[in-house]
Amino acid sequence: MAVVPRYRFDQIAVNSTEKKKPVESDKLNYIGLEHIDSGCLEVTRWGSEVAPIGDKLVMKKGDVLFGRRRAYQKKVAIAPFDGIFSAHGMVLRPIEEVITKDFFPFFISSDYFLNKAISISVGSLSPTINWSDLRQLEFDIPSLSEQQATTGILVEMNRLKHAYEHLIQKSDELVKSQFVEMFGDPEIKEQIYPLKKLSETCSIIQDGEHATVKRVDEGHLFISARNIKVDHSIVLDAVTYVDDEVYGKIRKRFSPETGDILLTCAGTIGNVAIVPVMEPFVADRGLTMLRAKKDILLPEYLLLCLASNYVQNQMRQGTHATALAHLYLNKIRNILIVVPPLSKQEDFVSLLKQTDKSKLAAKQALESLNAMQKSLMRKHLGET
């Protein structure tokens with residue numbers, strides 16, 4: 001069996017450190033870490049409303065962009081154009097005598113590379129990878145001929161992944177456009193149905209625990225804003241736990257049930273999700289639960305209402321900007337939403353459920369492709 005050559009990372013990649021102070025025109029070609037999605041090499045959004053502050057890294061089309069700050073988020077992408085990139089990242093280029101330009105992005109986005117890189121992060125609040133440490137890590141790299149043979153399969157898998165991601169995005173856009181068509185948009189004065197405050201349409205609006213609580217290794221689920229994702233999912237991959245006493249105390253004022261809405265209101269503002277059938281839980285101050293009055297609102301309708309541009313803009317205007325952004329309960333209670341008859345909401349929810357079936361099939365296909373891609377990379381990078 002052939003021995004796979006091992007290289008230090010600085011024998012595999014060049015870390016480009018060229019920087020520039022942005023001018024006004026650079027705002028159009030700026031990519032920040034917030035523009036990169038975990039597990040997706042393609043950048044689909046970019047730019048800033050104003051010129052970014054502070055020196056930024058110069059990137060060239062085709063460079064690999066790697067988020068070295070909070071690297072556990074696993075943000076890796078291919079630069080789609082010449083421009084500038086966040087100084088909290090790295091601009092990496094392959095040394096092509098060792099690794100091909102086409103195989104390089106897949107290597108950097110592999111668990112093999114990322115897990116080793118994450119292990120050398122320093123700092124507790126915002127763990128960051130330093131080049132001085134990263135350059136010394138060693139990796140097994142397959143031969144150039146093996147890389148070339150594998151790349152074609154990886155590229156095709158990536159193409160299919162983008163197609164499914166595009167389908168999911170278009171499904172979401174369809175739902176949003178149908179929502180506006182059925183219920184109007186008060187921002188552009190196409191109001192069809194009355195506006196009411198959330199305090200009039202919800203029986204409960206309550207946030208989580210404000211005090212710092214002791215966490216335990218096993219106990220009751222204690223979640224936060226980071227568990228509520230922009231796609232309206234609840235992801236329990238970084239939860240903590242509290243004991244019976246703390247849980248009981250918090251549940252007296254914050255007791256979400258299936259069908260309630262969770263709204264992020266600290267740090268990340270405005271992500272929403274419906275509580276599914278799941279283990280009972282409590283949460284910190286970063287989450288607010290809303291329970292729709294059954295004779296006024298359907299939970300699925302309320303979810304999309306809160307995610308609409310009209311309501312999201314109200315949230316932005318009501319956010320208290322400090323070191324950590326907050327949207328307080330008094331602001332949430334006064335948010336206005338469009339309230340159509342329940343029969344109209346039911347029509348919309350029927351459409352939503354049909355669309356969700358298509359999205360679920362696409363997500364399952366995407367998960368399957370991701371698993372196949374990881375398996376292929378493990379095979380060729382000698383992982384166990």
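Visitor: Let's start with burial. Is Phe179 buried or exposed?

Guide: This is a predicted model, so bear in mind that everything we read here is computed. Phe179 has a relative accessible area of 7%, and anything under 20% counts as buried, so Phe179 is buried. Tyr301 counts as buried too, at 0% relative accessibility.

Visitor: Both of those carry rings. How do I read a pair of aromatic rings?

Guide: The general idea is to describe a pair by the distance of the centres and the angle of the planes. In this structure the count comes to 16 aromatic pairs. Take Phe107 and Phe113: their centres are 5.6 Å apart with 50° between the planes, and the pair is tilted. Both Phe107 and Phe113 are buried.

Visitor: And Phe179 with Tyr301: why is that pair stacked?

Guide: The ring centres are 5.5 Å apart and the planes sit at 25°. Planes under 30 degrees apart count as stacked, so this pair gets that label. Have a look at where the partners sit, too. Phe179 belongs to helix H4 and Tyr301 to helix H7 (residues 299-307), so the pair ties together parts that are 122 residues apart in sequence.

Visitor: Which residues do ring pairs link into a cluster?

Guide: The cluster takes in Phe9, Phe66, Phe107, Tyr112, Phe113, Trp131 and Phe139. While you're there, check Phe139 for a charge: the charged end of Lys116 sits over its ring, 5.0 Å from the ring centre.

Visitor: On to empty space. How do you find it?

Guide: Roll a probe the size of a water molecule over the atoms, and you see where empty space is left. The second largest pocket holds about 250 Å³ of space. Its lining has 13 residues, with Leu41, Ile78, Asp102, Pro105 and Phe106 nearest the centre. Helix H1 (104-108) and helix H4 (144-183) are the elements that give two or more residues to that lining, and H4 gives the most, with three.

Visitor: What is the lining of the second largest pocket like by class?

Guide: You get seven nonpolar, three polar and three charged residues. Now try the closed kind of space. The count comes to one cavity of 30 Å³ or more, with a volume of about 30 Å³. Its lining is made up of Leu33, Gly67, Arg69, Arg70, Ala71, Gln73, Lys74 and Lys75. By class that is two nonpolar, two polar and four charged residues.

Visitor: I'd like to look at the backbone. What should I expect of phi?

Guide: Most residues other than glycine have a negative phi. Arg70, one of the residues lining that cavity, has a positive value near 50°. You'll find Arg70 in the loop between strand S6 (64-67) and strand S7 (76-78), and with a relative accessible area of 30% Arg70 is partly exposed. For His232, phi is also positive, near 75°. His232 sits in the loop between strand S13 (220-223) and strand S14 (240-242), and is partly exposed at 28%.

Visitor: Last one: how many disulfides are there?

Guide: A disulfide is a covalent bond between the sulfur atoms of two cysteines. Here the count comes to zero. For Cys265, the nearest cysteine sulfur belongs to Cys202 and is 14 Å away; a disulfide needs the sulfurs within 2.5 Å, so Cys265 is in none. Cys265 counts as buried, at 0% relative accessibility, and Cys40 is buried as well, at 9%.

Note on methods:
Residues numbered from 1 in each chain as written. Predicted model: local features only at pLDDT ≥ 70, side-chain atom pairs only at ≥ 80, totals over all residues. Heavy atoms only, no water. 1 Å grid on protein atoms, 1.4 Å probe; cavity = no way out; pocket = protein on both sides within 12 Å on 5 of 7 lines; lining within 4 Å. Points joined across faces, edges and corners; volume = space filled by probe spheres on them. Helix = DSSP H or I, 4+ residues; strand = E, 2+ residues; numbered from the N terminus. Nonpolar A, V, L, I, M, F, W, Y, C, P; charged D, E, K, R; others polar. Buried < 20%, exposed > 50% of the residue type's maximum accessible area, 1.4 Å probe, protein only. Phe/Tyr/Trp six-rings, centres within 6.5 Å; stacked < 30°, edge-to-face > 60°. Lys NZ or Arg CZ within 6 Å of the ring centre and 35° of its normal.
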